[in-house]
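Here is a short walk through one protein model. Keep the sequence and the 3D view side by side as you read.

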Amino acid sequence: MNVVPGTASLLEELDKKLMVLLRDGRTLIGYLRSVDQFANLVLHRTIERIHVGKEYGDIPRGVFIVRGENVVLLGEIDKDKEKNLPLSEVSVDDILDAQRREQELKQDQERRMNKALKDRGLSYIPDLGHDDMF
């Protein structure tokens, strides 16, 4: 079988259930319905899966259009392995609370690190040049 590099090989993935990791860190799972020459994707019956530790929650998103430049990773979901995840599913509210607590903890750790560096006469300036989240 000849595999064509680039977006043409995505045509083989049409109507399959895929996981898409985006540049901003979000994980989407849905059925690939359309793709174009720029690797823009149309996902159907899409969920956004949020992982915190060994727990996850799914937020229904419906039809989702993804610009190709925002895709970091894309892969087909193995139906057998999906049934035996080593994670436990929790409600959307619970996973959003856990995500918020995790983000607050990271921000608190960063503040403490910045304070410790400042106390030693150093400063930390994060490289935000490559980060599109801001």
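Which residue takes a positive phi just after helix 2? G121 does, at about 85°. The model is predicted, with a mean pLDDT of 87 for the protein. Of its residues, 87% reach 70 or more. Confidence is highest in strand 1, at 96. Confidence is lowest in helix 1 (residues 79–83), at a mean of 82.

Go back along helix 2 itself, residues 92–119. Its 28 residues, at 1.5 Å a residue, should span 40 Å. The end C-alpha atoms are 40 Å apart, so the model agrees with the expected span.

Now turn to the strands. Strand 3 and strand 4 run antiparallel, joined by 10 bridges. One of the paired residues is R49, whose bridge partner in strand 4 is D58. The two strands form a hairpin with two residues between them. In the turn, G53 has a positive phi of about 60°. Strand 4 also pairs with strand 6 (residues 88–89), this time in parallel, through two bridges. There, Y56 has E89 as its bridge partner in strand 6.

Next comes the packing. The largest nonpolar core has 12 residues, including L10, L18, L28, L32, F64 and V66. Strands 1, 2, 3 and 4 each give two or more residues to this core. Apart from it lies another core, of five residues. Among them are I50, I59, I95 and A98.

Look closely at L18 in the largest core. Leaving aside residues up to four places away in sequence, L18 touches L28, I29, G30 and L32, among others. Its contacts also include E13, L74, G75, E76 and I77.

Technical notes
Residues are numbered from 1 along each chain as its sequence is written. This is a predicted model: local features need pLDDT of at least 70, side-chain atom pairs count only at pLDDT 80 or more; totals for chains, interfaces and linings use all residues. Side-chain values use heavy atoms; hydrogens and water are left out. A nonpolar core is a set of buried Ala, Val, Leu, Ile, Met, Phe, Trp, Tyr and Cys residues joined through side-chain atoms within 4.5 Å. Buried means under 20% relative accessible area, exposed over 50%, partly exposed in between (1.4 Å probe, protein chains only). Helices (H or I, at least four residues) and strands (E, at least two) are DSSP runs, numbered from the N terminus. Contact means heavy atoms within 4.5 Å. The expected span of a helix is 1.5 Å times one less than its number of residues. pLDDT is the predictor's confidence in each residue, from 0 to 100. Two strands pair if DSSP finds at least two bridges between them.
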